[in-house]
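Visitor: I am new to this structure and would be grateful for a guided reading of it. May I put my questions one at a time?

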Amino acid sequence: AEYGELHSYRFTLRVKICAANCLSATSFYPVIQLVYTLHIALRIMEFSFNEFYQLDSKCQKVLRSVLKLSRSTSLSCINEQNLRSADKEVLSNIILSLVDVAENSVQVLKSASATIEELRSDRNSHQKCVIKLQNELIQKQDQLKSVQLDLNDDAQHGVNRLETVVKSVVKENERRKQIVLFGVSEESSDLGSTVNDILKCACGPDKPSVKDYHRVGARKPGGSRPVKVYFNSQEDAETTIKNAKSLKHSEKFGRVFLTPDRSPEERIQRRKLVQQLRDKRQRDP
């Protein structure tokens with residue numbers, strides 16, 4: 001409000017300069033107080049712009065002139081009585097200085113207002129930039145979480161696949177230690193003795209030792225279930241398979257035959273090959 005009041009004084013002071021002979025200390029005293037207020041305000045604002053320093057310097061110069069004119073040591077001691085005896089020409093010069101200060105103050109305040117507005121605009125721009133960067137950071141964090149989840153899924157899938165492969169390899173290694181006997185009669189009450197007799201007939205007295213054995217599948221009337229035999233090593237199973245042809249010459253076990261313990265996929269493939277062989281024989285007897 002005081003700055004607006006100072007701006008309005010620019011016109012009234014010019015009129016007073018033109019009517020210097022009518023000038024009185026009563027009308028001059030409020031202007032001095034206003035310049036002093038402007039000087040204090042500039043100090044409080046603490047702007048670092050050169051225009052404000054220059055304006056502050058002018059205000060101080062005018063105030064020193066007023067103090068000298070009124071023969072006072074401080075502005076608080078100035079009153080209308082001190083100024084009544086002042087020379088009108090000196091007062092006119094001081095008023096001209098006041099007009100210059102008022103005009104400069106308006107320009108400086110406008111410049112400050114434009115600078116402040118520019119700073120405010122920059123601040124808003126920076127705030128928008130920060131918000132944009134925050135949103136981009138959130139998006140990157142979401143993408144990183146998605147990548148981490150994908151990596152975890154891939155890692156878990158890899159672990160599961162590795163476990164499956166390991167189990168498959170272990171199972172395959174165990175299967176290679178096994179053979180399957182077909183044609184073993186269900187009438188035998190001691191399956192273990194029957195298995196040992198079959199192996200002796202095939203391999204002789206030095207037959208491989210048996211780790212375990214059991215029948216496979218559900219029992220069917222008039223049929224015989226296969227017998228799966230477990231050895232301690234793959235070599236024992238292979239040796240037994242190689243000597244299986246000896247069973248053909250046995251009266252007791254001539255209908256028994258031995259095969260490796262094949263996987264389901266291998267059995268399907270073997271059946272296809274057997275069927276193809278049969279079809280070929282029928283076409284070309």
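Guide: A term is needed at the outset: a residue is called buried under 20% relative accessible area, exposed over 50%, and partly exposed in between. The model shown here is predicted.

Visitor: Does V166 count as buried, partly exposed or exposed, and what is the reason?

Guide: The place of V166 is in helix α5, which covers residues 88-175. Its relative accessibility is 44%, and the class in between runs from 20% to 50%. V166 therefore counts as partly exposed.

Visitor: Which residues make a nonpolar surface patch of about 260 Å²?

Guide: V166, in helix α5, is one of the residues that make this patch. The full set is L162, V166 and V170.

Visitor: Which element supplies the largest share of the largest nonpolar core?

Guide: The largest nonpolar core has 18 residues, and L181, I198 and L258 have the most contacts inside it. At least two residues of this core come from each of β1 (178-182), α6 (191-203) and β3 (227-231). The largest share, six residues, is supplied by α6.

Visitor: Which residues does I198 touch, leaving aside those up to four places away in sequence?

Guide: I198 is among the residues with the most contacts inside the largest core. Its partners under that condition are L181, V184, L247, F253, V256 and L258.

Visitor: Is R215 buried or exposed, and why?

Guide: R215 lies in strand β2, residues 210-215. Its relative accessible area is 16%, and the limit for this class is under 20%. R215 is therefore buried.

Visitor: Which backbone oxygen atoms lie 2.8 Å from the side chain of R215?

Guide: One of them belongs to S185, whose backbone oxygen lies 2.8 Å from a polar atom of that side chain. The side chain of R215 also reaches a second backbone oxygen at 2.8 Å, that of R225.

Visitor: How far apart in sequence are E186 and R219, which form a salt bridge?

Guide: The closest N and O atoms of E186 and R219 are 3.8 Å apart. E186 lies in the loop between β1 and α6 and R219 in the loop between β2 and β3, so the pair ties together parts whose separation in sequence is 33 residues.

Visitor: Which residues do salt bridges that share partners join into one network with E186?

Guide: The side chains of E186 and R215 meet in a salt bridge at 3.4 Å, N to O. R225 forms a salt bridge with E186 as well, with the closest N and O atoms 3.0 Å apart. Together with E186, the network holds R215, R219 and R225.

Conventions. Residues are numbered from 1 along each chain as its sequence is written. This is a predicted model: local features need pLDDT of at least 70, side-chain atom pairs count only at pLDDT 80 or more; totals for chains, interfaces and linings use all residues. Side-chain values use heavy atoms; hydrogens and water are left out. A nonpolar core is a set of buried Ala, Val, Leu, Ile, Met, Phe, Trp, Tyr and Cys residues joined through side-chain atoms within 4.5 Å. Buried means under 20% relative accessible area, exposed over 50%, partly exposed in between (1.4 Å probe, protein chains only). Helices (H or I, at least four residues) and strands (E, at least two) are DSSP runs, numbered from the N terminus. Contact means heavy atoms within 4.5 Å. Patches are made of residues with over 30% relative accessible area and no salt bridge: like charges are joined within 9 Å, nonpolar side chains (Val, Leu, Ile, Met, Phe, Trp, Tyr) within 5 Å. Accessible areas come from the Shrake-Rupley method with a 1.4 Å probe; for residues, only the protein chains shown count as cover. A salt bridge is a side-chain nitrogen of Lys or Arg within 4 Å of a carboxyl oxygen of Asp or Glu. A polar contact is a pair of N or O atoms within 3.5 Å; within protein, one must be able to donate a hydrogen and the other to accept it, and residues adjacent in sequence count only if both atoms are side-chain atoms.
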